[in-house]
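Me: I would like to go through this structure slowly and ask, for each word that describes it, what the word rests on.

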Amino acid sequence: MRQEPGQTSPVLEAKQITVVYGKRTVLDVASVQLHPNRVTAIIGPNGSGKTTLSLCLALLLKPTTGSILLDGAAVGDGSMMRARRRFAVVFQEPLLLNTSVWDNVTLGMRLRGFSRAETKQRTLQWLDRFGIASLAQRNAKTLSGGEAQRTSLARAFVLQPEVLFLDEPFAALDVPTRESLFGDMVNILQETRVTTVMVTHDRNEAQTLASRVVMLIGGKIVQEGSSKEVFSSPASEEIAKFVGMENIVEGRVVANNNGIADVSVGGHVVEGVSRCAVGEPVNVFIRPEDITLSLAQSVTSARNHFSGRITALLPTGPLVRVSLDCGFPLVALITRMSADELNLQPGKTVYASFKVTAIHIIAQR
Amino acid sequence: MGMILDGITQAFWLLVHGDRNVLRVATLSLLVSGSATMLSLGVGIPAGSALALKRFPGRTILVSLINTGMGAPPVVVGLIITMFLWRTGPLGATHLLFTPSAMVAAQFVIALPIVSGFTMATIQQLDPKLRLQILSLGASEPQTVWLLLKEARLPLLAAVMAGFGAVISEVGASMMVGANIKGQTQVMTTAIVDATSRGQFDLAIAFSVILLVLVYLVNLILTVIQQRSRAR
């Protein structure tokens, strides 16, 4: 559900914000802008400051320095509650009160002074939309994890917020519940087109839901751009690792013909798109899922083919991770069915192929 | 053994016949301790909430003072209140010493750290993000505190029980600031001391039984409320 960035002015903006605990700076961000009707994912490893940034934007944490601008105007202490009433936040834990599902879902509307009729109408609509209408009178403390998170999401959506903050709302759920709820969220976000900030460390969630991605490492924004840009052209080794480019091989550019570089890697030459100059030391990144394995060297459009010996096979669910020694280490991710059909065994020699466009080359620092 | 049985029998008759002195002492005990508990809830719950939710200079010292106060000996509290209310003391002009009001003041000082300490611990046990969640729904700061207290209502009832239990059963402070004047400031605990020192075991046992039954009934009511809320 990629939404192309519009040329609108930002709804919400963080400017020169820092958050300092004691002597430790946990967040140092020059600028983040949220444009209307867009889903922005804040991604990064644990402890990178994702939640801190999201809490600052949601006006739930006052930054040590800097300001948050709503519709271009800085939000001061006096207007904090009024500004917050234009947002809704869903945390990783459902954080429901010890009362009925209905009372939980209506709480925000009651606090914001909605009429009884509107509260009832919207609550019925969203309880139904999240498939929890039959649970309305149940005590929230007796719900399952999935039901509780659906209640928490309904509590946010009834408010029809101008900006919705989702702080890893699926992270604490088991896989089937997560998949079902995630599917619903994809549809709902597409229908409502609500401006959304989504904190996640799950690459798939970010890729599926977000049009913009803000990547944080060590409290600083290390890359910001369209989802496609960040995931296919990471700006550094750290980002490449985070976005799933698991194969990282050191090499040196030996030729460059109109942006197609030949990189010498462990006595072999790998071809990839790069502007790096001849002689420059580089790192070559390849996603395991972009590597194809075969028993014989076949003629395809892929320009990189290497024979390698299987050193290990690691089944992970429906997939198998195949570790190869091609003169340099390589990990491929294939389906269990393919592994069975190729009768892959440790010690066996196979051919690994990948396209020029599948690899990403970054100059070494 | 005979003396104890005699005492219990006579206590039973005193209770059955509704002895006026016994009833007056029991009523005053309830009034003094009930008022002190209510006052301590009025001050202690907001104070405990503020200590749990706010960060300010001197907070740690205040928390450690409250923790110390939770175990403060009632006689020491009695001494301090007596000195304040003494004719030449800072509040001597109020002429409150040796009145039920002085006893309420002393018991309030005993119950306050207990109620504040329990409230603080109770709120701190809630998920810290719950406060943020409530604020994000559009609540003001006072609304947020109210909702957090409602969420912590079950353990907060324990604060009420602990506060009331501490003051209804204390004797040192009541004796010092009330002087155990019969018909005026005598409460059950001081009456038990007085009757025992005179060898009137029947009376002492009668007061003891009433005291135990009263404490039990108050705690029974609070426990029923607590468990009913839990079952809902």
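Reply: We can begin with pairing, since the hairpin discussed below depends on it: two strands pair if DSSP finds at least two bridges between them. Please keep in mind that this is a predicted model.

Me: How do you know that E1(A) and E2(A) pair, and what do they form?

Reply: Nine bridges join E1(A) to E2(A), and the two strands run antiparallel. The definition asks for at least two bridges, so these strands count as paired. One of the facing pairs is A:Ala14, which stands opposite A:Val32 in E2(A). Together E1(A) and E2(A) form a hairpin with two residues between them, and in the turn A:Gly22 has a positive phi of about 65°.

Me: What makes E4(A) a partner of E1(A), and how is E4(A) joined to E5(A)?

Reply: E1(A) and E4(A) pair in the antiparallel sense over five bridges, and within this pairing A:Glu13 has A:Leu69 of E4(A) as its bridge partner. Strand E4 of chain A, residues 65–70, is joined to E5(A) by two bridges, again running antiparallel. Because the definition requires at least two bridges, the two bridges there are enough for the strands to be called a pair. A:Leu70 stands opposite A:Ala73 in E5(A).

Me: Which strands make up the sheet that holds these pairs, and which of them are edge strands?

Reply: Four strands of chain A form an open sheet in the order E2-E1-E4-E5, with antiparallel pairing. The edge strands are strand E2 (24–34) and strand E5 (73–74) of chain A, each of which pairs on one side only. H1(A) packs on this sheet, where it touches strand E1 (12–21), E2 and E4 of chain A, and its direction makes about 125° with that of E1(A). An angle of 65 to 115 degrees would be roughly perpendicular and one over 145 roughly antiparallel, so an angle of about 125° counts as oblique.

Me: What is the order of the strands in the six-stranded sheet of chain A, and why do E6 and E10 stand at the edges?

Reply: The six strands form an open sheet in the order E6-E7-E8-E3-E9-E10, and here the pairing is mixed. Strand E6 (87–90) and strand E10 (220–226) of chain A each have a single partner strand, so one side of each is left without a neighbour in the sheet. From one strand to the next the twist averages 15°. At one edge, four bridges join E6(A) to strand E7 (residues 163–167) of chain A, and these two run parallel. There A:Phe87 stands opposite A:Val163 in E7(A).

Me: How does helix H1 of chain A lie against this sheet?

Reply: Helix H1 (residues 50–57) of chain A packs on the sheet and touches strand E3 (39–43), E7, strand E8 (195–200) and strand E9 (212–217) of chain A, while its direction makes about 155° with that of E8(A). Angles over 145 degrees count as roughly antiparallel, so the value of about 155° puts H1(A) roughly antiparallel to E8(A).

Me: What are the domains of chain A, and what touches between them?

Reply: The domain assignment gives domain 1 (12–240) and domain 2 (245–363). Five residues of domain 1 of chain A are in contact with six residues of domain 2 of chain A, and the residues on the side of domain 1 divide into two nonpolar, two polar and one charged. The C-alpha centres of the two domains lie 38 Å apart.

Me: Turning to chain B, how many helices and strands does chain B have?

Reply: Chain B has eleven helices and zero strands.

Me: Why is H3(B) called oblique to H5(B)?

Reply: The axes of helix H3 (residues 59–69) and helix H5 (residues 100–125) of chain B come within 8 Å and cross at roughly 120°. That angle makes H3(B) oblique to H5(B), because the range for roughly perpendicular is 65 to 115 degrees and roughly antiparallel needs over 145. H3(B) passes H5(B) in a left-handed crossing. The contact is made by B:Ile66, B:Asn67 and B:Gly69 of H3(B) and by B:Pro113, B:Ser116 and B:Gly117 of H5(B), which divide into two nonpolar, four polar and no charged residues.

Me: Which helix gives the most to the side of chain B that touches chain A?

Reply: In the contact between the chains, 15 residues of chain B meet 18 residues of chain A. H6(B) gives the most to the side of chain B, with six residues.

Definitions and conventions. Residues numbered from 1 in each chain as written. Chains lettered and ligands numbered in written order. Predicted model: local features only at pLDDT ≥ 70, side-chain atom pairs only at ≥ 80, totals over all residues. Axes fitted to C-alpha atoms, helices over the stretch in contact; angles between N-to-C directions. Parallel < 35°, antiparallel > 145°, perpendicular 65-115°, else oblique. Left-handed = near helix turned anticlockwise from the far one by under 90°. Contact = placed C-beta atoms within 7 Å. Nonpolar A, V, L, I, M, F, W, Y, C, P; charged D, E, K, R; others polar. Domains from an automatic or database assignment.
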